[in-house]
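User: I would like to go through the labels given to residues in this structure and ask what each one rests on. Please set each value against its cut-off.

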Amino acid sequence: MPTAVKKLYRKVHVARRHGAQNVAIALTQKLIQFPLFLMYRGERWHLRGYHTTNYKKMAVHLAKEISSDLDVVVEVGCGLGEIVNRVGAQRKFGLDIDQRVISWARFLQRFNRSDVEFHAGSFDTLAETDLEVIDLLITTGWFHYMSDEWIDTQIRKLLEAKHVRYIMVDEFPYQRGRIQRIFDTIATRVEQRHDWQDDKILFLYRCKGRGA
């Protein structure tokens, strides 16, 4: 079967799994967002909306299943905040290293009534913030770029500085087992789920950090 036909079949399959209503919402939002995409010079994945991106839905559902109420939730690598916006918490923070994306997310707050505090920043600066407790730290879509040593060092540094209750992280198929192996030595794995769309694994870990 030609590659182009395979891609078409794949798109049809994904659309059916998400449902016509979600596809319609995603297409409408992409059309609306495109001028902002050009203005803020975003990346293509910033147009990949929540309604047709399964791992984002999984992350939100998994966050909702944490037994106790969430006070502080932080997402590092938040993009436009499509995950952290939908997680229920008293205080929500979105960090991204791209100042243009943060400006884009703040612009959208004028219309979506988001209560997320968006800041330009990276994971290694999180330990220096004034947050003492983080109930849930969401880190999806970028750990696979970092070295094993960097991940291990930065996570342990953060857990020494803050009381982090849970960390959510994902693992890409071409690195199967790598992220799990690192985090299994640092925290307790309490949940893992497979993303049918991107073949990723989403993990939820309970941390052993300060005050745990």
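User: What makes the approach of K200 and D170 a polar contact?

Analyst: The model is predicted, and in it the side chains of K200 and D170 come to 2.7 Å. A polar contact requires a pair of N or O atoms within 3.5 Å. The 2.7 Å between K200 and D170 satisfies that limit, so the pair is called a polar contact.

User: Is K200 buried or exposed, and how do you know?

Analyst: K200 has a relative accessible area of 3%. Buried means under 20%, so K200 is buried. K200 lies in the loop between β6 (188-194) and β7 (201-206).

User: What makes R100 and D98 a salt bridge?

Analyst: Their side chains meet at 3.3 Å, N to O. The criterion is a side-chain nitrogen of Lys or Arg within 4 Å of a carboxyl oxygen of Asp or Glu. R100 and D98 at 3.3 Å fall within that limit, so the label applies.

User: Why do R100 and D98 get separate exposure labels?

Analyst: R100 has 31% relative accessibility, and partly exposed covers the range between 20% and 50%, so R100 is partly exposed. D98 has 18%. That is under the 20% cut-off, so D98 is buried.

User: How do you know that R156 and D152 form a salt bridge, and how are they placed in the helix?

Analyst: The closest N and O atoms of R156 and D152 are 3.1 Å apart, and the limit is 4 Å. The pair therefore qualifies as a salt bridge. R156 and D152 are four residues apart in helix α5 (residues 148-161), which means that about one helical turn separates them. R156, at 34% relative accessibility, is partly exposed, and D152, at 23%, is partly exposed.

User: What supports the salt bridge of R189 and D184?

Analyst: The side chains of R189 and D184 meet at 2.9 Å, N to O. With a limit of 4 Å, the pair counts as a salt bridge. R189 is partly exposed at 34% relative accessibility, and D184 is partly exposed at 30%.

User: How many salt bridges does the whole structure hold, and which residues are linked in a network?

Analyst: A search of the whole structure finds 14 salt bridges. E65, E191 and R193 are linked in a network of salt bridges.

User: Which residues gather in the patch of positive charge, and why is K11 called exposed?

Analyst: K7, K11, K30 and R44 gather in that patch on the surface. Lys and Arg count as positive. K11 sits in helix α1 (residues 3-18). Its relative accessibility is 62%, and exposed means over 50%, so K11 is exposed.

User: What makes the nonpolar surface patch, and why is Y9 called exposed?

Analyst: M1, V5 and Y9 make a nonpolar surface patch of about 340 Å². Y9 is found in helix α1. Its relative accessible area is 54%. That is over the 50% cut-off, so Y9 is exposed.

User: What is noted about phi of R41 and R113, and where are these residues?

Analyst: R41 has a positive phi of about 55° although it is not a glycine. R113 also has a positive phi, near 55°, and is a residue other than glycine. R41 is in the loop between α2 (20-39) and α3 (54-64). R113 is in the loop between α4 (99-112) and β3 (116-120).

User: Why are R41 and R113 called exposed?

Analyst: The cut-off for exposed is over 50%. R41 has 56% relative accessibility, so R41 is exposed. R113 has 79%, so R113 is exposed.

User: Why is A59 called buried, and how far is A59 from Q29?

Analyst: A59, in helix α3, has a relative accessible area of 0%. Buried means under 20%, so A59 is buried. A59 and Q29 are 30 residues apart in sequence and 20 Å apart in space, C-alpha to C-alpha.

User: How are S122 and I97 placed, and why is S122 called partly exposed?

Analyst: S122 and I97 are 25 residues apart along the chain, and their C-alpha atoms are separated by 5.4 Å. S122 is in the loop between β3 and β4 (133-139). At 22% relative accessibility, S122 lies between the 20% and 50% cut-offs, so S122 is partly exposed.

Definitions and conventions. Residues numbered from 1 in each chain as written. Predicted model: local features only at pLDDT ≥ 70, side-chain atom pairs only at ≥ 80, totals over all residues. Heavy atoms only, no water. Patch = residues over 30% accessible without salt bridge, like charges linked within 9 Å, V, L, I, M, F, W, Y side chains within 5 Å. Areas by Shrake-Rupley, 256 points an atom, 1.4 Å probe, with all protein chains shown as cover. Charge placed at Lys NZ, Arg CZ, Asp CG, Glu CD. Helix = DSSP H or I, 4+ residues; strand = E, 2+ residues; numbered from the N terminus. Buried < 20%, exposed > 50% of the residue type's maximum accessible area, 1.4 Å probe, protein only. Polar contact = N/O pair within 3.5 Å; in protein donor to acceptor, adjacent residues only side chain to side chain.
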